[in-house]
Amino acid sequence: MKNLEISPGLYIVATPIGNLSDLSARAGATIAAADLLLVEDSRVTGKLLAHLGLKKPMRPYHDHSKEADREAILAMLADKVVVLVSDAGTPLISDPGYKLVHAARARGLPVGAVPGPSAPTMALTLSGLPTDRYLFAGFIPSKDKARADLFEELAGLRATLVFFETGPRLAKSLAAAAEVLGNRPAAVARELTKMFEEVATGTLEELGQRYADTPPKGEIVLVIGPPGEDEAPDDAAIDAAIDEALESLSPSRAAKEVATRFGLKKNDVYARVQQRVAS
Ligand code: SAM
């Protein structure tokens with residue numbers, strides 16, 4: 001939907017992540033045209049409506065909302081303008097909406113979006129880290145094992161990594177990331193578009209030390225750079241991973257898994273697997 005006119009359908013509308021002036025004219029116009037706003041928290045969206053001088057019917061929506069609620073919303077899309085907003089930023093980005101958009105698309109119902117603020121992309125662009133390939137991985141798990149497993153899973157990826165984190169847990173995550181990913185360059189982007197906006201850059205270890213005794217306040221995005229060329233895995237590490245994978249996988253699957261883990265070409269790893277199987 002190009003939204004030259006606001007016809008019935010579902011609209012995913014991005015709202016500010018701090019500074020209300022970031023609400024686009026089109027976002028305001030779409031909210032003004034809404035027959036119904038789907039919201040996370042009506043108190044939060046109520047403040048945005050007050051800022052716009054609008055009053056609109058609001059209904060809470062979460063992806064764990066009942067199927068019957070979703071059906072009722074879908075039934076409205078043929079002749080009503082239904083606008084999905086989250087408390088801040090772009091809906092569906094670690095926020096509700098995926099199941100609704102999926103269901104609307106599956107039925108061929110009209111879905112449009114008004115793009116705008118989103119903390120991960122703003123943090124990425126401010127980080128000074130490579131932007132050509134990046135992976136947004138949502139909130140870092142709070143449990144030690146789950147956190148380490150996530151970093152292990154992403155270790156071989158040749159991409160900048162973007163996460164949400166909280167102040168009290170930041171130092172622990174920086175230390176865990178340094179241990180699994182190596183001491184990569186990183187950025188901590190805090191309170192974006194707000195009065196105390198700050199972007200701190202340094203290596204994971206430097207940032208870990210900086211925040212160890214003074215957890216930062218406010219909302220945080222952690223951006224971690226890709227592995228450097230000089231950190232390419234050594235042959236012994238690749239061979240050890242191949243031997244371990246071959247214990248439970250076929251040569252082809254083992255090559256695929258090891259290639260993914262180390263960010264290598266599958267054919268190169270497969271040749272190495274064959275050498276090890278033959279020797
Ligand atoms: N959908 C939102 C978006 O597009 O930005 C993200 C929602 S997620 C539930 C909330 C998390 O986003 C926060 O815990 C924080 O990690 C990050 N965040 C949101 N606003 C932020 C801001 N102004 N500065 C830094 N991080 C922010």
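**The ligand site of a predicted model**

Good morning. In this predicted model, the shell around the ligand takes at least three residues from each of domain 1 (9–117) and domain 2 (120–224), with domain bounds coming from an automatic or database domain assignment. Residues are numbered from 1 along each chain as its sequence is written. As this is a predicted model, local features need pLDDT of at least 70, side-chain atom pairs count only at pLDDT 80 or more, and totals for chains, interfaces and linings use all residues, while side-chain values use heavy atoms, without hydrogens and water.

Which residues come nearest? Of the 20 around the ligand, they are Ile93, Asp95, Ser118, Ala119 and Ile220; a residue is near if one of its heavy atoms lies within 4 Å. The shell divides into eleven nonpolar, four polar and five charged residues, with Asp, Glu, Lys and Arg counted as charged, Ala, Val, Leu, Ile, Met, Phe, Trp, Tyr, Cys and Pro as nonpolar, and the others, Gly among them, as polar.

Now the backbone. A polar backbone atom of alanine 119 is 2.7 Å from an oxygen atom of the ligand. A nitrogen atom of the ligand lies 3.0 Å from a backbone N or O atom of isoleucine 17, and for leucine 192 a backbone N or O atom lies 2.8 Å from a ligand nitrogen atom.

Definitions and conventions
Polar contact = N/O pair within 3.5 Å; in protein donor to acceptor, adjacent residues only side chain to side chain.
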